[in-house]
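Student: Hi! I'm new to this one and would love a quick tour. Could you walk me through it?

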Amino acid sequence: MRDRYPFLISIPHGGVSVPPEVRGLVNLSREEVAFNSDPHTRLLYGFDKAVEALVDFNVSRVFVDTNRAPYDYPPRAQDGVVKVITQDGTPVFRKGQMPGREVIGRLLENYYHPFHGQLARALDTLPIRIAFDCHSMLPRSPPVRMDAGHPRPLFCLSNRGDRNGKPKSGGLVTCPPEWLQALARSFQAEFDGEGRVAMNDPFRGGFISVAHHRRTRVPWVQVEINRGFYETEGREADEAHLTELRERIFSALTGFWDEVSG
């Protein structure tokens, strides 16, 4: 049994805090902010002592989404680095209070770039062999998406490829297809009979995976778990169940790694 696995774990959407730069402008309750973040992912993917590095983010993705490009901001984008509307179409900010370029610039400087700097330092200074960008997803596609209401798999594993993990039209993949397929098999074995493990469906991976893979060529996989697997209809989650799920997710990751690195 090794001391640490050569993994970098990124948890960009687990935070629920409202940055002081926008307090007083927000149209959402605390519950709405949490719902539109990735609640419980810091516990689900909290493998701190067993991996080379873990980088998470305290600010809600509603206000600073580190999985979007830094130039992808309003009014050009409603679902960019700073959100205009939530997943159900609710305005994030009070009428006439949408942050301008100066405030968005401070959000990027104070939160966005430091997060990406932490990822870059881990990749540059530690023996990282593969990175996982870890998320949760709603059980069904939300109203703002083209496939609204469509049921989602238990897990989605993404490398920017097709549904077999292979490059689309010769494009970039952030992880070798054979590795993604092996990871999917490991997850399917661990969660056999509990749900489908999909590749690049409904998500193909975001800015974090692409940007840091392009710079370093370290493989990246975006991991999404279905919130319906651990949340009640009232959006509650049992900590003991979350802890058990964390152990099973880590078992799937390490089972994959022991296979492909052996």
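Tutor: Happy to! Keep in mind that this is a predicted model. Let's begin with the aromatic rings: ring pairs link Tyr 5, Phe 7, Tyr 45, Phe 47, Phe 132, Trp 179, Phe 250, Phe 256 and Trp 257 into a cluster.

Student: How many aromatic pairs does the structure hold?

Tutor: There are 15 aromatic pairs in the structure. One of them joins Phe 47 and Phe 250, whose ring centres are 4.8 Å apart with planes at 35°, so this pair is tilted.

Student: Where do Phe 47 and Phe 250 lie?

Tutor: Phe 47 is in the loop between α2 (41–44) and β2 (51–56), while Phe 250 is in helix α6, so the pair ties together parts 203 residues apart in sequence.

Student: And is Phe 47 buried or exposed?

Tutor: Phe 47 counts as buried, at 5% relative accessibility. Its partner Phe 250 has 15% relative accessibility and counts as buried because the cut-off is under 20%.

Student: Nice. What about the rings of Trp 179 and Phe 256?

Tutor: Their centres are 6.1 Å apart and their planes stand at 75°, so that pair is edge-to-face. Trp 179 belongs to helix α4 and Phe 256 to helix α6, so parts 77 residues apart in sequence are tied together. Phe 256 is buried, with 0% relative accessibility.

Student: Let's switch to the largest nonpolar core. Which residues touch the most other members?

Tutor: Those are Phe 7, Tyr 45, Phe 132, Phe 187 and Ile 249, out of 37 residues in that core. At least two core residues come from each of β1 (5–11), β3 (130–137), β4 (155–158), α4 (177–190), β5 (197–199), β6 (220–226) and α6 (239–261).

Student: Which element gives the largest share?

Tutor: That is α6, which supplies 8 residues of this core.

Student: Can we zoom in on Ile 249? What is it in contact with, leaving aside neighbours within four places in sequence?

Tutor: Ile 249 is in contact with Leu 44, Tyr 45, Phe 47, Phe 155, Phe 187, Phe 191 and Ile 225. Apart from the largest core there is another, of 33 residues, including Ala 53, Ile 104, Ala 122 and Ile 208.

Student: OK, pockets now. How much space lies in the largest pocket?

Tutor: About 540 Å³. Its lining has 30 residues, and the closest to the pocket centre are Arg 61, Arg 68, Asp 79, Gln 87 and Phe 203.

Student: Which elements give two or more residues to that lining?

Tutor: β3 and β6 do. β3 gives the most, with 3 residues. By type, the lining of the largest pocket divides into 8 nonpolar, 12 polar and 10 charged residues.

Student: And the second largest pocket, how much space is there?

Tutor: That pocket holds about 190 Å³. Among its 13 lining residues, Phe 35, Leu 138, Pro 139, Arg 140 and Arg 235 are the closest to its centre. The lining splits into 5 nonpolar, 3 polar and 5 charged residues.

Student: One last spot: where does Gly 206 lie?

Tutor: Gly 206 sits in the loop between β5 and α5 (207–216). This glycine is buried, with a relative accessible area of 14%.

Student: What does Gly 206 contact, leaving aside neighbours within four places in sequence?

Tutor: Gly 206 is in contact with Asn 67 and Gln 222. As for Phe 93, Gly 206 is 113 residues from it in sequence and 24 Å in space, C-alpha to C-alpha.

Definitions and conventions:
Residues are numbered from 1 along each chain as its sequence is written. This is a predicted model: local features need pLDDT of at least 70, side-chain atom pairs count only at pLDDT 80 or more; totals for chains, interfaces and linings use all residues. Side-chain values use heavy atoms; hydrogens and water are left out. A nonpolar core is a set of buried Ala, Val, Leu, Ile, Met, Phe, Trp, Tyr and Cys residues joined through side-chain atoms within 4.5 Å. Buried means under 20% relative accessible area, exposed over 50%, partly exposed in between (1.4 Å probe, protein chains only). Helices (H or I, at least four residues) and strands (E, at least two) are DSSP runs, numbered from the N terminus. Contact means heavy atoms within 4.5 Å. On a 1 Å grid over the protein atoms alone, a cavity is a set of points where a 1.4 Å probe fits but cannot get out, and a pocket is an open set with protein on both sides within 12 Å along at least five of seven lines; lining residues have an atom within 4 Å of a point. Grid points are joined across faces, edges and corners, and a volume is the space filled by probe spheres set on the points. Ala, Val, Leu, Ile, Met, Phe, Trp, Tyr, Cys and Pro count as nonpolar, Asp, Glu, Lys and Arg as charged, and the others, Gly among them, as polar. Rings of Phe, Tyr and Trp (its six-membered ring) pair if their centres lie within 6.5 Å; planes under 30 degrees apart count as stacked, over 60 as edge-to-face and the rest as tilted.
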